[in-house]
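This report introduces a single protein chain to a reader who has not met it before. The sequence and the model are shown first, followed by a description of the whole chain and of one helix.

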Amino acid sequence: MDYNFTQEELSIQETVRQFAKKEIAPLIDQIEKEKKLPEDLLKKIMELNIIGLPFPEKWGGSAGSFISLLLAIEEMSYVYLPCLFYSLVSSMAAYGFLNFASDHLKEKYLKGLIAGSIRGAWAFTEPDTGSDPKQLKVKAVKDGDDWILNGTKRFITNSGIADIAVIFGLTEKGVTAFVVETQEPGYIVGKREEFLAFSGSDNGDIILEDARVKGENLLGEEGQGFNILLSVESFAKVASCAGNVGLARAALDFALQYAKEKTHRGVPIGLKFQMTQWNLATMASKVAASRAFLYSVGAKMDKGEDVTGESSLLKIFTGAAAREVASDAVQVHGAYGLSKEYAVERLYRESKVNEVVLGTNELQRVIAANVLLRS
Ligand SMILES: Cc1cc2nc3c(=O)[nH]c(=O)nc-3n(C[C@H](O)[C@H](O)[C@H](O)COP(=O)(O)OP(=O)(O)OC[C@H]3O[C@@H](n4cnc5c(N)ncnc54)[C@H](O)[C@@H]3O)c2cc1C
């Protein structure tokens, strides 16, 4: 299907496709075993300047389209979805700085975030909630011009390797976003998390113990934190859906390959069994619909349209599609699909993650329904 991508977008797609094949694919087994993305790979990912694709040249970006970012993420996720999260959180921080930071903070951090010399973390979730700002327990109290932060953040990607973390805490005026330098006293890296999937991703607790933050390090205004969160998550949700599409495409391709190679009494199962064909066709229809939906929302973002409701619908649809396609890919493989020797086993585990992160898909339904009912 022709989506009318520009030459530049197609060239980015091809560059990342080749990069992922050459630089990421050979390392997947090692990453899964060592549970760590190699520093050298992280550097190479940053050198590709994926984060900077849709950002202005003034800040070191490429002034490209948002679609080009989606194509890059999709190609990377086609090979290995966990690489997405590493760059996505820095991208989220950069998007937050671009739209809400003072000129001083932009000068100090934005170029570095985009270039990859500064690593970011984006910390909203806490032990008691990842969905409800009213339940936040990280508190920020004024001390002269500074703020003192106390409390715990949980499940935070890059928390142990970030240079700066955007921390959402409560002040008297409500949820507020603080830029915390992780080398400063009071920022403590806590327990590391081990999930069902994404073992290469750095994720865990941040403990804030009297962490002192300069007044100038407020992102946006005091009390504006929840709006900042919603705006940045809307951007990040669409980006993460490109991950769903990449993963689903990979699962479909593995299933097609297996259906052509695995024989039953001398005949490939894809040619012999209508149920296998039914599975493959159902998977392909979900992949095609997910791609078309993704690019249509991306095109709206490039036009500057508000996609609050649609980004939620996209997350619901592509999240379920990726999980179902990965599940069907396992089914096509039979018991081999459950074996760690076959990639579809990992894809099946990975496919669940995006239905929970960046706001669970139940919460996306709440957001989408609100937008629909208000229109
Ligand atoms: C790999 C990974 C990376 C992550 N990275 C980050 C990160 O970098 N930064 C960060 O801040 N967080 C991060 N998270 C946390 C993630 O975003 C949260 O876990 C997620 O938003 C859900 O929050 P929760 O786990 O607290 O669930 P809860 O909010 O406790 O929800 C529990 C259940 O209640 C339901 N529920 C809650 N509220 C409502 C409602 N209003 N209406 C209907 N149903 C509701 C939920 O759908 C869910 O089923 C990460 C998580 C993972 C797994």
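## Overall form

What percentage of the 375 residues of the chain count as buried? In this predicted model, the buried residues make up 48% of the chain.

The chain contains 12 helices and 10 strands. Its radius of gyration is 21 Å, close to the 21 Å given by the globule rule for 375 residues, so the chain is as compact as a globular protein of that length. The C-alpha trace spans about 80 × 40 × 40 Å along its principal axes. Among contacts in the chain with a separation of 6 or more, 72% are between residues 24 or more positions apart.

## Helix 6: length and bend

Helix 6 covers residues 103-115, a run of 13 residues. From its first C-alpha to its last, helix 6 reaches 18 Å, close to the 18 Å expected at 1.5 Å a residue. Helix 6 also has a kink of about 35°, centred on Tyr-109. Just after the helix comes Gly-116, with a positive phi of about 95°.

## Helix 6: buried residues

Tyr-109, at the centre of the kink, is also one of the buried residues of helix 6. The others are Leu-110, Leu-113 and Ile-114. In an α-helix there are 3.6 residues a turn, so residues three or four places apart point the same way.

The elements that cover these buried residues include helix 5 (82-100) and strand 1 (120-123). Strand 4 (164-171) and strand 5 (174-181) are also among them.

Key: Residues numbered from 1 in each chain as written. Predicted model: local features only at pLDDT ≥ 70, side-chain atom pairs only at ≥ 80, totals over all residues. Helix = DSSP H or I, 4+ residues; strand = E, 2+ residues; numbered from the N terminus. Rg over C-alpha atoms; globule rule 2.2 N^0.38 Å. Buried ≥ 20, exposed ≤ 12 C-beta atoms within 10 Å, placed from the backbone. Contact = placed C-beta atoms within 7 Å. Expected span 1.5 Å × (residues − 1). Bend = angle between axes of the 7 residues up to and from the residue.
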